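I sat down with this one to look up a few charge pairs, a buried acid and some backbone angles. Here are my notes, in the order I took them.

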Amino acid sequence: MSKKIAIITGSGGLVGVESVRFFAQHFDLIIGIDNDSRGYFFGPAGSVSKNIESISNEIENYVHYPIDIRDKKRLNNLFIKYKTDIQLIINAAAQPSHDWSGRYPIEDFEINAVGALNVLEEMRNNCPAAVFIQLSSSKVYGDNMNTFNFIETDTRYELEENHKYFFGFTEDMAIDQSLHSPYGASKLASDIMCQEYARYYGLNVGIFRPNCITGGPHSGVELHGFLSYMVKCKTTYNVFGFKGKQVRDNIHARDLILAFFEYYKNPKAGEVYNIGGGRENSCSIIEALALVEKLTLRKSDYKIIEDPRVGDHIWWVSNNQKFKSHYPNWKINIGLEEIINEINQSI
């Protein structure tokens, strides 16, 4: 008897964990792929072993495979085993830090670009009717947006209200002739390849480009996951460049997974979507520090370092209008204060 199966790579990470919990309610079997590379990237603080143990014990229809997505043979064995029963693939496995990628560009590219290609090939050869969701990144746009005339306020950089992108960056921005970081370049390579598999091979592949995804299960570290790390930080928090006034929008992983579900129900092959918390969930680093201090009642000790991270954005807010026009039932449900409270409660 056939089963309805979803495969989630990076199942121990923030997006992976929330995907497992949600889609376990809609599928007969959830197959998680994660070899806890985050522990290798970032050390014990970044390890997702506890997340993997938690969902393995909590979700009855979850099966875990500690596979590296660069391992084509083991991936192939898995996909051959389940073939056309696989109806959904969420590729959330990645090396997520652009600082780390600058030190190890080859390994970063192998994981983010070649790894994604390996999973795409397994879909094409074994379950071509499935829906494939690629977790891409806003870093695919590089630093072109840093050339805009930002206004400096007391707490953040901002755009004029009549600016084209005041309500967030849209998918029409250029992706070349800019500095991305090796991470941004590897994510762009996988992003373009996913689009190509949709158009060239006629597969249901969708690409999502978030900026800051967060939530309680996030294993934030200094090099990745700023809001999670900020709430949990017990030492001096280092702010890299832009006077701490660089702006990010934050989307809770559960809101992102709800977007995945909408796409799964009615896939539009080859579409790319900027998706994030939008203006309502945006904050600068120093605004976030003040909000964390207010909500946790803990003093925020921080130091502003003059030099920004290479290729970092001065201002990023996602414009969700394209996705909302395709999927009008979707919206942001979890606000910034609720996100911070949840992270704090998870400590």
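**Entry 1: a pair within a helix.** I began with Glu262 and Lys265, which form a salt bridge with their closest N and O atoms 3.2 Å apart. A reminder to myself that this is a predicted model, so every value here is computed from it. How are the two residues placed in helix α9? They sit three residues apart in that helix, which spans residues 253-265, so about one helical turn separates them. I then checked accessibility for both partners. Glu262 comes out at 14% relative accessibility, which makes it buried because the cut-off is under 20%. Lys265 has a relative accessible area of 48% and is partly exposed.

**Entry 2: a network.** I also looked for salt bridges with shared partners. Asp68, Arg70, Glu107 and Glu110 are joined into one network that way. The count of salt bridges comes to 20.

**Entry 3: a pair across the sequence.** Next I picked Lys245 and Glu152, whose side chains meet in a salt bridge at 2.8 Å, N to O. Which parts of the chain does this pair link? Lys245 lies in the loop between β10 (237-240) and β11 (247-252). Glu152 belongs to strand β6 (residues 151-152), and the two partners are 93 residues apart, so the pair links distant parts of the chain. Is Lys245 buried or exposed? Lys245 is buried, at a relative accessible area of 11%. Glu152 is partly exposed, at 39% relative accessibility.

**Entry 4: another pair, with its exposure.** I went on to Asp172 and Lys164, which form a salt bridge with 3.3 Å between the closest N and O atoms. Asp172 is partly exposed, with a relative accessible area of 48%. Lys164 reaches 60% relative accessibility and counts as exposed, because the cut-off for that is over 50%. As background for these pairs, side chains of opposite charge can pair when their charged atoms come close.

**Entry 5: a buried acid.** I turned to Asp249, which is found in strand β11. Asp249 is buried, and its relative accessible area is 0%. What does its side chain reach? One polar partner is the backbone nitrogen of Gly277, at 3.2 Å. The side chain of Asp249 also reaches the backbone nitrogen of Ser318, at 2.9 Å. I listed the contacts of Asp249 too, leaving aside neighbours within four places in sequence. Among them are Asn211, Cys212, Gly276, Gly278, Asn281, Ser282, Trp316 and Val317. I also took the distance to Ser49, which is 200 residues from Asp249 along the chain. The C-alpha atoms of Asp249 and Ser49 are separated by 28 Å.

**Entry 6: positive phi.** Last, I looked up phi in residues other than glycine. Lys243 has a positive phi, near 60°. Where is Lys243 placed? Lys243 is in the loop between β10 and β11, and Lys245 from my third entry is in that loop as well. Lys243 is partly exposed, with a relative accessible area of 46%. Leu297 also has a positive phi near 60°. Leu297 is in the loop between α10 (285-296) and β14 (302-305). Is Leu297 buried or exposed? Leu297 is exposed, with a relative accessible area of 76%.

Definitions and conventions
Residues are numbered from 1 along each chain as its sequence is written. This is a predicted model: local features need pLDDT of at least 70, side-chain atom pairs count only at pLDDT 80 or more; totals for chains, interfaces and linings use all residues. Side-chain values use heavy atoms; hydrogens and water are left out. A salt bridge is a side-chain nitrogen of Lys or Arg within 4 Å of a carboxyl oxygen of Asp or Glu. Helices (H or I, at least four residues) and strands (E, at least two) are DSSP runs, numbered from the N terminus. Buried means under 20% relative accessible area, exposed over 50%, partly exposed in between (1.4 Å probe, protein chains only). Contact means heavy atoms within 4.5 Å. A polar contact is a pair of N or O atoms within 3.5 Å; within protein, one must be able to donate a hydrogen and the other to accept it, and residues adjacent in sequence count only if both atoms are side-chain atoms.
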